[in-house]
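Hi,

Here is the structure I promised to pass on. Have a look at it first, and then read my notes underneath.

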Amino acid sequence: MLYIVIAHDGTDSEAPARRQRVREQHLEGIKPKAAAGTLQVGGAILDAEGAMVGSALLVEAQDEPAVRAFLEDDIYYQSGVWQRFEIYPFK
């Protein structure tokens, strides 16, 4: 099943620096998931000034707990970049 995910970054003053510190690790870590087809589409959400403030992902997974496990395995989650998720079944 497909799920659309909105992953919200923190809104504190250190949030942009936190994202930048681990961005390359995130991009490297996500490549095998994209190659395997688990991540169908992903990209940054931008604010009005063009700063990255979150991520939008289209994830293929068995169920919502599998989507959460996918997200929690990411360095963005583990490093406190992503603070909360909205997860919706997608058709």
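Helix 1 (residues 15-35) lies across strand 1, strand 2, strand 3 (52-60) and strand 4, and runs at about 10 degrees to strand 3. Helix 2 (residues 64-72) also packs on the sheet, where it touches strand 1, strand 2, strand 3 and strand 4, and its direction makes about 145 degrees with that of strand 4. Contact here is heavy atoms within 4.5 Å; helices (H or I, at least four residues) and strands (E, at least two) are DSSP runs numbered from the N terminus. The angles, from 0 to 180 degrees, are between N-to-C directions, with axes fitted to C-alpha atoms and, for helices, over the stretch in contact.

Bear in mind that this is a predicted model, in which local features need pLDDT of at least 70 and side-chain atom pairs count only at pLDDT 80 or more, while totals for chains, interfaces and linings use all residues. Residues are numbered from 1 along each chain as its sequence is written, and side-chain values use heavy atoms, with hydrogens and water left out.

Now the sheet. It is open, with 4 strands in the order 2-3-1-4 and antiparallel pairing (two strands pair if DSSP finds at least two bridges between them). Strand 2 (39-46) and strand 4 (82-90) are the edge strands, each pairing on one side only. Neighbouring strands are turned by 15 degrees against each other on average, direction ignored.

Going pair by pair, strand 1 (residues 2-9) is joined to strand 4 by 8 bridges, and Leu2 has Phe90 in strand 4 as its bridge partner. Strand 1 also pairs with strand 3 over 7 bridges, with Ala7 partnered by Ser55. Strand 2 and strand 3 form a hairpin with 5 residues between them, and Gly50 in the turn has a positive phi of about 90 degrees.

On to the aromatics. Rings of Phe, Tyr and Trp (its six-membered ring) pair if their centres lie within 6.5 Å; planes under 30 degrees apart count as stacked, over 60 as edge-to-face and the rest as tilted. That gives 3 aromatic pairs. Tyr76 and Trp82 are edge-to-face, because their ring centres are 5.4 Å apart and their planes are at 80 degrees. Both residues are buried (under 20% relative accessible area, with exposed over 50% and partly exposed in between; 1.4 Å probe, protein chains only). Ring pairs link Tyr76, Tyr77, Trp82 and Phe85 into a cluster.

Lastly, Lys33 lies over the face of Phe70, at 5.0 Å from the ring centre (the rule: NZ of Lys or CZ of Arg within 6 Å of the centre and within 35 degrees of the ring normal).

Cheers
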